[in-house]
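Work through the two exercises below with the structure open. Each has a task and a stepwise solution.

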Number of protein chains: 2
Amino acid sequence: MDASSELRVRLREIDDLEKCAALLYWDQATKMPAAAAESRGRRMGMLQCLAHDRLTDPKLARLLHRAEQNAGAGDEALLRIARRDIERATRIPRQLVDAMTEHQAKAYMVWTQARPANDFATLAPILRKTLDLTRRKVDCFPAAEHPLDPLIDEADPGMTAGQVRHLFERFRTRLVPLIAAIAEKPPIDDSCLKGHFPAFLQLAAAEDIIRELGYDFDRGRSDPTHHPFMIRLDAHDIRITTRVNEAFLREGIFGTIHEAGHAIYEQGIDPALEGTPLATGTSCGVHESQSRLWENLIGRSRPFWHHFYPLLAKVFPAQLAAVPEERFHRAINRVQPSLIRVDADELTYNLHIMIRFDLEDALLSDTLSIDELPEAWNARYAADLGVTPPDFRDGVLQDVHWFVHTIGGYFQGYALGNLIGAQLLATARQIMPDLDEDLAAGRFAPLRAWLTEAVYRHGRGRDPHDLVQEVTGKPLDIDDYVTYARSKYAELYGLQPEAFS
Amino acid sequence: MDASSELRVRLREIDDLEKCAALLYWDQATKMPAAAAESRGRRMGMLQCLAHDRLTDPKLARLLHRAEQNAGAGDEALLRIARRDIERATRIPRQLVDAMTEHQAKAYMVWTQARPANDFATLAPILRKTLDLTRRKVDCFPAAEHPLDPLIDEADPGMTAGQVRHLFERFRTRLVPLIAAIAEKPPIDDSCLKGHFPAFLQLAAAEDIIRELGYDFDRGRSDPTHHPFMIRLDAHDIRITTRVNEAFLREGIFGTIHEAGHAIYEQGIDPALEGTPLATGTSCGVHESQSRLWENLIGRSRPFWHHFYPLLAKVFPAQLAAVPEERFHRAINRVQPSLIRVDADELTYNLHIMIRFDLEDALLSDTLSIDELPEAWNARYAADLGVTPPDFRDGVLQDVHWFVHTIGGYFQGYALGNLIGAQLLATARQIMPDLDEDLAAGRFAPLRAWLTEAVYRHGRGRDPHDLVQEVTGKPLDIDDYVTYARSKYAELYGLQPEAFS
């Protein structure tokens, strides 16, 4: 076997081990009896360590070197990504990988109990442990200028804390006046979304919608969970998870479209990449660009609901029969500063992210302690969003991330995703001037085909920055998102341009 | 760390790998999109090989030896079972393990397609391969007198083909006249079990029943599948799977009680044994004794349905309101020779097992070839049960076992289970003379507590033969089962003793 083929076999074995761990995670979050958490955490850790051992085996590095010497046509992307992954992994000692996976499994189970109980005291030592483990990981990258840099680079290759901060600062100066102008207008009436919407009907309607968007249920499935996510187990097994609020129609449907957006990206990756490290999204930001494009840019648009509202009104005749399409469309686009990130409207959502980014920065830069975190959290929510969490549950404990990941490294991607999505969609609109007519007629295939060609099929084979530059003709920036947001919300709220510029 | 503690750590790692493979299997059989089968088979094989490598690592054998030299109180059972597992595994070369797992994953997928298509031609070379691999496994045990011996010893430690054959011959001479006497009587009317029984109602009723029997849903779950099974993933995660026939009430309910019987055994094992090779049932025969005890000896008894029939009649008022308890009880006990083992009544079921045992014997003794197998199968069904399979699908291809295991080694356990279950229950009745009153009042805890104390809690810590001898006061034999069967069916069918003795 030549070096390239042998490399592929070994990388596939690593991928297999990681995917086994992924199945254990999916099962824990959807099916497993809570009482079995202890061994589950140990086993996920064991599989991740086996994968890590193989990825950091010096024999693999030598094999990669030989493959690089004899690289054939088409090997370039695989060799580049394999080198990146091997070099990153080799910096992190096995004990740390072990400690993190075991901590995360335990932390997840404690969080699922302690968050509903509003129990910050139980979770504070867990957060301190996460912070400690995060610091140990950061220390593996001594050349980093800022402790967030190696964490951000893992999720959004090529980005630094400085770049994110600069982008967010400019973003913020355009966003805050727009949100302030909206706040001066009478609030949109979204009472049509409130009432009783049985979970099984919401799930059925959401599944019908995402099937039409292009999520292939023959190569995936949807299950309820506490904290929804998408997970890839195989090219033919890309699963989503959902959560439904029976008292509020918005969450379940848009949450499902969000996860389906991630899954449509993964299902669009060239199956020939399966088993290699190329077979996933190219960055957190680009991944979120797709969940948010389908959820917000497309999923909260007028043409989208022109097509889907009759279906939804038929599912909930008692609740929606008297609600005109336009009132529903306005209701799902109500902007209202609020406590919970995942339930936020698409504009204020970005402020939730910036709060988290700044707090992570402060925690890792030692200007904030875990004990001070709840107060800092509440102070920022009061200052930025004008709301104060009444408890920990809907404040600092609301997100699972700090319990199952590091502190820092991925939240930025959620706001970057908004920017990248808008930039990609602006390009798509230039190429497809009839896009809105397509959407209103339920024709989602042309947009999906363009995104598959430009983004999806490449997986990690296309660097996220190159991708944005080459597909949209310019580097990642805030302009297309700001243009989109201003135009949409000026019209919805009857704003004058001078109100927010 | 002393040798015993280190041994426990290593054995737990092996157990963890096996349990990860088990979760992959559970997911494939219940949740996974079919299109993802290829990588799933590869990953299960990989995990099983990782476990096998660790079990056959000479370092582990040396560690075991050291632990044996310094054995403390309470180590005896663990050391004995660890030695047994290590010595067995070490006889089987890694290439054979590899070849078997690869063959079994492929064979399972081909069988799921070719059996519904009635395609013996496609499956014949697969069976030849299974036979060849089985022979290679048997060859790893050169001291065996009969090729079935090492296979039987794996599932039912201490049993040989000769012992099973002797037991089955005697069993047969008592069973056949009883079944013949029943066949001369008018058949029991079981039309009350036929009609339309919605799956979700059957599942809900079955879950209510097994919860009362003692299956703990906080430490398990139940999911639909094609070929039901029970699987242990952790002391706190013991799952069952079920299949429901909407046109026939019997299969789903008794199939669920059967799997719950396996699971109640596993849930009764001392949690302190978790992570050691002791934490599972002590033999195939003893495991099946518990599934069959709860399914048949208890689950098809009058007192059982005196308690549960009102519940069931309430779930299916349209279908059962006019059916008296006694008619229902007779219907579920109808004896009728038939083609399909898993749907057979409790008496003729034993004949299905004996046919398989004899055919496996003939195949491994070279007196029968795979090409001759369908004809031999049909001849035996005609001779023993008076029925002739109209096709391969409901004949020689009906069971998955020869496609996912060896040929030989486990079917005997299903009939041994009937015998052991009856022998255990006869003992229980001596100790608990009011057992039937307890059952009729829905008090299942006393029987379960006795079985837990006598059987369950020990796991593999108690040798199956010792267990039967010590708990029942005599070696495994057919008398208690025959007494039970004669008494029950003489009464149900109005037989005179001279009709079947």
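Buried area is the accessible area (1.4 Å probe) that two parts lose on being put together, summed over both. The model used here is predicted.

**Exercise 1. Describe the contact between chain B and chain A**.

Step 1. Start with the area. About 2700 Å² is buried between chain B and chain A, and carbon and sulfur atoms give 58% of that.

Step 2. Count residues. Chain B brings 35 residues to the contact, and chain A brings 35 residues.

Step 3. Look for charge pairs. Eight salt bridges are counted between the two chains. In one salt bridge, the side chain of R239(B) meets that of D27(A) at 2.7 Å, N to O.

Step 4. Add the polar contacts. The rule finds 12 residue pairs across this interface, with both residues at pLDDT 80 or more.

Step 5. Assign the chain B side to elements. α1 (3-30), α2 (37-55), β2 and β3 of chain B each supply at least two residues. α1(B) gives the largest share, 12 residues.

Step 6. Sort that side by residue type. It holds 13 nonpolar, four polar and 18 charged residues.

**Exercise 2. Work out the strand order of the open sheet in chain B, and explain why β1 and β2 each have a side without a neighbour**.

Step 1. Read the order. The three strands run β1-β3-β2 in chain B, with mixed pairing.

Step 2. Find the edges. β1 (222-224) and β2 (230-234) of chain B each have a single partner strand, so one side of each lacks a neighbour in the sheet.

Step 3. Check the twist. Neighbouring strands are turned by 25° against each other on average, direction ignored.

Step 4. Take one pair. β1(B) and β3 (residues 237-242) of chain B run parallel, joined by three bridges. P224(B) stands opposite T242(B) in β3(B).

Terms used:
Residues are numbered from 1 along each chain as its sequence is written. Chains are lettered from A and ligands numbered from 1 in the order in which they are written. This is a predicted model: local features need pLDDT of at least 70, side-chain atom pairs count only at pLDDT 80 or more; totals for chains, interfaces and linings use all residues. Side-chain values use heavy atoms; hydrogens and water are left out. Two strands pair if DSSP finds at least two bridges between them. Helices (H or I, at least four residues) and strands (E, at least two) are DSSP runs, numbered from the N terminus. Axes are lines fitted to C-alpha atoms, for helices over the stretch in contact, and angles run from 0 to 180 degrees between N-to-C directions. Contact means heavy atoms within 4.5 Å. A salt bridge is a side-chain nitrogen of Lys or Arg within 4 Å of a carboxyl oxygen of Asp or Glu. A polar contact is a pair of N or O atoms within 3.5 Å; within protein, one must be able to donate a hydrogen and the other to accept it, and residues adjacent in sequence count only if both atoms are side-chain atoms. Ala, Val, Leu, Ile, Met, Phe, Trp, Tyr, Cys and Pro count as nonpolar, Asp, Glu, Lys and Arg as charged, and the others, Gly among them, as polar.
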